[in-house]
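I'd like to go through this one with you, contact by contact. Could you walk me through it at the bench?

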Amino acid sequence: MEERKTILSGIQPSGELTLGSYLGAIKNWVSLSKDYNCYYCIVDMHAITVRQNPASLRRRTLEQLAQYIACGLDPEENTIFIQSHVSAHAELAWVLDCYTMFGELSRMTQFKDKSAKYADNINAGLFTYPALMAADILLYQADLVPVGIDQKQHIEITRDIAHRFNGIYGDVFKIPEPYIPEVGAKIMSLTSPENKMSKSDKDSGGCIYIMQKPEDIMRSFKRAVTDSETCVRYDPEKKPGISNLMTIYSVATGKSFDEIEKEFDGKGYGDFKPAVGEAVVEMLRPIREEAERILKDKAYLEKVYRNGAEKAAYTANKTLRKVYKKVGFVQK
Ligand code: AQP
């Protein structure tokens, strides 16, 4: 029997999970989890590249774990873990730092965006973030990395680092491919549809959170920015707000853009916006209810993250040992 291919992906617990991270990443993780050997993590070490309140970080990490499971990721079938519990991530990141060039890190869009946004804290971790992300992926010899489009550049640098390392030491790392959804790869803010919906966004009206109450979700959709026309038509250039809502509606209902245009033909935004809101409320309702239930069972969550860390460390340490040997470290 052919061996199952491997997947790795993670999300930072730097804020409450958004509809963007759900549609761009987690929804795909769930569909891929049936056919692949999957590692899904909560990347708390990445989160501290921006200042975090320690108590909130701890709370959000456990909430995010409960939400992963509530979204449909079965911890028996997938390896679900917290990044800082597997020390090989930090160890390989250091090695990869030494094979990552200053120039290529300087070109990373996320670094440029975040150093503009957090100008008082442009720390070295923010700069070397891609080397840690490369370590996350390469430790598990991942074939595929399901992410939203904003992370594509980080997968490309991961591939470059892996090629560089393999070029010197032989085939140590599998070269991973990004897996980006056709629809939903970049969900935009509801209030400023030219910007990505982001969990650390200060404008809470632009963001939908997966744990948000139905009435708050409906309010945000009713207030979503549109345009001066009245027709529901997909045109991301001229109608970014409506096109974003159509994308969300399409992923939530499975309908194509053509079907959506027909459904709302002759109707105005006053009908369309609440319909999108209701579709999202119904999509998120079972997830929220299940996450609330799981979160109450702290012993279960602890069991999940302990088992996950043990399974992840087994694979990760195998790769790390090989890397240490290749670069010339004396073996213990
Ligand atoms: N708006 C989005 N549309 C589609 N996909 C998205 N993702 C995030 N926002 C959207 C995808 O979800 C995963 C989240 O990864 P992350 O938290 O590690 O990184 P991020 O992209 O930096 O997420 P945020 O929400 O923007 O967080 P902050 O504000 O802390 O930086 C990734 O696969 C991402 O592509």
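**Who touches whom**

Student: Which residues does Asn-195 touch, not counting residues up to four places away in sequence?

Tutor: Contact here means heavy atoms within 4.5 Å. With the close sequence neighbours of Asn-195 left out, the residues touched are Met-188 and Ser-189.

Student: Before we go on, what kind of model is this?

Tutor: Residues are numbered from 1 along each chain as its sequence is written, and side-chain values use heavy atoms, with hydrogens and water left out. Local features need pLDDT of at least 70, side-chain atom pairs count only at pLDDT 80 or more, and totals for chains, interfaces and linings use all residues, since the model is predicted.

Student: Back to Asn-195: is Asn-195 buried, partly exposed or exposed?

Tutor: Asn-195 sits in the loop between β5 (177-179) and α9 (214-222); helices (H or I, at least four residues) and strands (E, at least two) are DSSP runs numbered from the N terminus. Buried means under 20% relative accessible area, exposed over 50%, and partly exposed in between (1.4 Å probe, protein chains only). Asn-195 comes out at 41%, so the label is partly exposed.

Student: And how far apart are the C-alpha atoms of Asn-195 and Ile-157?

Tutor: Along the chain, Asn-195 and Ile-157 are 38 residues apart. In space, their C-alpha atoms are separated by 23 Å.

Student: What is the relative accessible area of Asn-244?

Tutor: Asn-244 belongs to helix α10 (residues 240-253). Beyond four places in sequence, Asn-244 touches Lys-186, Ile-187, Met-188, Ser-189 and Leu-190. Asn-244 is buried, because its relative accessible area is 5%.

Student: Which residues is Pro-181 in contact with, leaving aside neighbours within four places in sequence?

Tutor: Pro-181 is in the loop between β5 and α9, and it counts as buried because its relative accessibility is 12%. Its C-alpha is 21 Å from that of Ala-134, with 47 residues separating the two in sequence. The contacts of Pro-181 are Leu-23, Gly-24, Asn-28 and Val-147.

Student: How many of the 14 residues of α1 are buried?

Tutor: Leu-23, Gly-24 and Asn-28 are among the buried residues of α1. Others on that list include Tyr-22, Trp-29 and Leu-32. The helix is largely enclosed by the rest of the structure, because the buried count is twelve.

Student: How far apart are the end C-alpha atoms of helix α3 (residues 54-70)?

Tutor: The expected span is 1.5 Å times one less than the number of residues. For the 17 residues of α3 that gives 24 Å, and it agrees with the model, because the end C-alpha atoms are 24 Å apart.

Student: Is Gln-67 buried or exposed?

Tutor: Gln-67 is part of helix α3. Setting aside neighbours within four places in sequence, Gln-67 is in contact with Leu-17, Ile-210, Met-211 and Ala-291. Its relative accessibility is 4%, so Gln-67 counts as buried.

Student: How are α3 and α13 oriented to each other?

Tutor: The axes of α3 and helix α13 (residues 298-327) are 11 Å apart and pack at about 85 degrees; axes are lines fitted to C-alpha atoms, for helices over the stretch in contact, and angles run from 0 to 180 degrees between N-to-C directions. Leu-62, Leu-65, Ala-66 and Ile-69 of α3 meet Tyr-300, Leu-301, Val-304 and Tyr-305 of α13. Angles under 35 degrees count as roughly parallel, over 145 as roughly antiparallel, 65 to 115 as roughly perpendicular and the rest as oblique. The pair is therefore roughly perpendicular.

Student: At roughly what angle do helix α7 (residues 124-139) and helix α8 (residues 152-169) cross?

Tutor: Their axes come within 9 Å. The crossing makes α7 roughly perpendicular to α8. Tyr-129 and Met-133 are among the α7 residues in the contact, and Ile-157 and Ile-161 among those of α8. The axes cross at roughly 75 degrees.

Student: What is the relative accessibility of Gln-12?

Tutor: Gln-12 lies in the loop between β1 (6-11) and α1. Among its contacts beyond four places in sequence are Gln-64, Tyr-129 and Lys-199. Gln-12 counts as buried because its relative accessibility is 10%.

Student: Last one: what is the phi of Gln-141?

Tutor: Gln-141 is in the loop between α7 and β4 (144-146). Most residues other than glycine have a negative phi. Gln-141 is not a glycine, yet its phi is positive, at about 55 degrees.
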